[in-house]
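Let's work through a few exercises together. Have the sequence and the 3D view ready, and take each solution one step at a time.

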Amino acid sequence: MSELSVNHLLGIKYLSKEDLQLIFETADHFKEVINRSIKKVPSLRDITIANLFFENSTRTKLSFELAEKRLSADVVNFSAASSSVKKGETLIDTVNNILSMKVDMVIMRHPNPGASVFLSQHVKSAIINAGDGAHEHPTQALLDSYSIREKLGEVAGKKIVIVGDILHSRVALSNIFALKLQGAEVKVCGPKTLLPKHIESLGVKVETNLQKALKWCDVANMLRVQNERMEISYFPSTREYVQQFGVNKKLLDSLSKEIVIMHPGPINRGVEITSDVADSQHSIILNQVENGVAVRMAVIYLLASKIKN
């Protein structure tokens, strides 16, 4: 398979297993590129990409910008996080203004679930969803799977537990879709109040005891508690959350095997994981950051090649 089955990256649920394979193989190539002394390739010299971030973002935005520049694309940045752009019509107006500048691709993060799908139905550019509300964050799931594949050889048959605030996490949903598609076993673990009601319908198992979850898994993907998405309190106190669902070195050392620790960032050190875990040999958190650029380069390149055709 030499091209993606989709014209946009709106969510993992729209991708096939072959799409994932193609993205990972392309990312392998770009990972070599970004480790060379000259880190740029002229692949997208004639492509203009607009980064539209309607929500604050540091790591994802930087990662996409770096990926675009490594591919030699022209980049336009639009930060609407602090403006009053909230409604669908205004979104279309904003985008049409940017498209009138002849933009080929739009990378968008938006607080409303489905915003990127809505956009793809109204504009001609290729759309990449950089996170829509608590719905999906496809490139994060791709780089997470890519990092597991790099560390453990393959994702199929591996046991992955996603720990923490599953209810508000777009990373969790995209990861579940991606991991299941590749044949991994997936469990979620967290306070009952932070687990969506019908999560089992996605083919994942629920475990509320962290120690049992860690004994079972090969990989633990630790999510932060998303206080900014909470209008009510979902657990009594941070201290209690840490006691029940925080991973520390002592807990890892008590396991009979070594497991891999991941985190999509930003880390609340001392809450979901302690510093001695984040910085230990168990952790592949910095690999995830590096792989994020290669995976985003792959996605941009593959979608751009469909524009050119």
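**Exercise 1.** Does Ser-72 count as buried or exposed, and at what relative accessibility?

*Solution.* First, a word on the source: this is a predicted model, in which local features need pLDDT of at least 70 and side-chain atom pairs count only at pLDDT 80 or more, while totals for chains, interfaces and linings use all residues. Residues are numbered from 1 along each chain as its sequence is written, and side-chain values use heavy atoms, with hydrogens and water left out.

Next, recall the cut-offs: buried is under 20% relative accessible area, exposed is over 50%, and partly exposed is in between (1.4 Å probe, protein chains only). Ser-72 has 16% relative accessibility, so it counts as buried.

**Exercise 2.** Compare the backbone and surroundings of Ser-72 and Lys-102.

*Solution.* Start with a rule: most residues other than glycine have a negative phi. Ser-72 has a positive phi of about 65°, and phi of Lys-102 is positive too, near 65°. Now locate them. Helices (H or I, at least four residues) and strands (E, at least two) are DSSP runs, numbered from the N terminus. Ser-72 sits in the loop between α2 (59–70) and β2 (74–79); Lys-102 sits in the loop between α3 (88–99) and β3 (105–110). Finally, Lys-102 is exposed, at 65% relative accessible area, whereas Ser-72 is buried.

**Exercise 3.** Check the length of helix α5 (residues 138–152), then describe its setting.

*Solution.* The expected span is 1.5 Å times one less than the number of residues. For the 15 residues of α5 that gives 21 Å, and the end C-alpha atoms are 21 Å apart, which agrees. Then look around: 12 of the 15 residues are buried, so α5 is largely enclosed by the rest of the structure. Among the buried ones are Leu-142 and Tyr-146. After the helix comes Gly-153, with a positive phi near 95°.

**Exercise 4.** What can you find out about Arg-224 and the peptide bond before Pro-266?

*Solution.* The unreviewed UniProt entry annotates Lys-87, Arg-170 and Arg-224 as "binding site"; such positions use the numbering here, feature names are shortened, and annotations may be inferred rather than shown by experiment. Leaving aside neighbours within four places in sequence, Arg-224 is in contact (heavy atoms within 4.5 Å) with residues including Gly-265 and Pro-266. Now the bond: most peptide bonds are trans, but the one from Gly-265 to Pro-266 is cis, with omega near -10°.
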